[in-house]
Amino acid sequence: MFGVSPRLIACGAIAGFAAAGWLHADSKKAAEDQHIELLRGLSAEWAKAKSILPRSKKPLEFNSSGAWDKQKWEDMTRELGVAAKPGELVQVTRVSIEKDAIELELNHGTKRQGHWYDRVQVGTGGPMTPVGDPTAAVAANGTNIVIRFPDGIGNVTSADIKKLLAPVLDFDKRSATDQYAETLPPEIKKAVQEKKAIVGMDRDQVLLALGRPVRKSRETTDGEEQEDWIYGEPPGRMTFVTFVANKVIRVKETYAGLGGSIAEAPKAQ
């Protein structure tokens, strides 16, 4: 019989441990990527209610099979009132992701909370970080929906979630976003169509016009807190949108070079 070298056995064991480590790392990276895609694809999205959405003390249950307890939803409507009627627009103001459930907060949920950007949270496996000021308060007139996945969320995407909720929510941007845009004042509606920010816009309107900023910064000047939303990366055109409270007070466009030099951006012809 031929013996096996202890060294070969040790090398094989090390290789096995390394392979297991790589598989674990790949799996963790895939889960983080999935969470980021779900957050980006669902946070701040608009949808049109296709049925009555009741307010509820607990999240409205919705199964990944597409089934929900219609009678229970009707009972909640009679008890706590309506969060949205068919045809009304709602916005996803928070996304929470668990191993076997995804919860969407609509119109700030049923608690007294701030604007949608105060509730959106970002995280990739670690502690969730809120974007905005969680201390701001507005009237509560929303609700929450939780989608349950008995076998785990698997590889579900934001598009899958929107399709799954189609019986109660229409995420078709051609309907939801267009309807919201129709409610805007003429000058803001024009700016949104031209994809630019103007003084007087609020955060929702800037997001509609420009999308999410590359980064944000805050500073306090003479006791007044200002927040800059920054679009673009050097080298190239960059836009700084400055907010006080929830209103744009200044929009500045510059051109940033690779070396950090900044100049006024040339005006579009």
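Which side chains meet in a salt bridge of 4.0 Å, N to O? Those of Lys57 and Glu79 do; the last view but one returns to them. The model is predicted, so local features need pLDDT of at least 70 and side-chain atom pairs count only at pLDDT 80 or more, while totals for chains, interfaces and linings use all residues. Residues are numbered from 1 along each chain as its sequence is written, and side-chain values use heavy atoms, with hydrogens and water left out.

**View 1. The largest nonpolar core has 30 residues.** A nonpolar core is a set of buried Ala, Val, Leu, Ile, Met, Phe, Trp, Tyr and Cys residues joined through side-chain atoms within 4.5 Å. Buried means under 20% relative accessible area, exposed over 50%, and partly exposed in between (1.4 Å probe, protein chains only). Leu53, Ile102, Ile161, Leu165 and Leu169 touch the most other members. Several elements each supply at least two residues of this core, among them helix 1 (6-42), strand 6 (101-106) and helix 4 (158-164). Strand 5 gives the largest share, 4 residues. Helices (H or I, at least four residues) and strands (E, at least two) are DSSP runs, numbered from the N terminus. Another core, of 16 residues, lies apart from this one and includes Ile188, Ala197, Ala209 and Val241. In soluble globular proteins, nonpolar side chains tend to be buried together.

**View 2. Ile102 and its contacts.** Contact means heavy atoms within 4.5 Å. Neighbours within four places in sequence are set aside here. Ile102 then contacts residues including Leu38, Val95, Ile145, Phe149 and Ile161.

**View 3. Val90 sits in strand 5.** Val90 counts as buried, at 3% relative accessibility. Ala47 is 43 residues away from Val90 in sequence, but their C-alpha atoms are 5.5 Å apart. Not counting residues up to four places away in sequence, Val90 touches Glu45, Trp46, Ala47, Leu53, Ala84, Leu106, Asn107 and Leu169.

**View 4. Lys162 and Glu45 form a salt bridge.** A salt bridge is a side-chain nitrogen of Lys or Arg within 4 Å of a carboxyl oxygen of Asp or Glu. The whole structure holds 11 of them. Here the N to O distance is 2.9 Å. Lys162 belongs to helix 4 and Glu45 to the loop between helix 1 and strand 1, so the pair ties together parts 117 residues apart in sequence. Both Lys162 and Glu45 are buried.

**View 5. Lys57 and Glu79 meet in a salt bridge.** Lys57 lies in the loop between strand 2 (53-54) and strand 3, and Glu79 in helix 2, so the pair ties together parts 22 residues apart in sequence. Lys57 is exposed at 69% relative accessibility. Glu79 is exposed too, at 55%.

**View 6. Asp228 and the salt-bridge network of Arg203, Arg218, Glu225 and Glu227.** Asp228 lies in strand 12 (residues 224-231). Asp228 is buried yet has no salt bridge. Its nearest side chain of opposite charge, Arg250, is 5.0 Å away. Lys and Arg count as positive and Asp and Glu as negative; His and the chain ends are not counted. The Asp228 side chain makes a polar contact with that of Thr242 (2.4 Å). A polar contact is a pair of N or O atoms within 3.5 Å; within protein, one must be able to donate a hydrogen and the other to accept it, and residues adjacent in sequence count only if both atoms are side-chain atoms. In the network, Glu225 and Arg218 meet at 3.7 Å, N to O.
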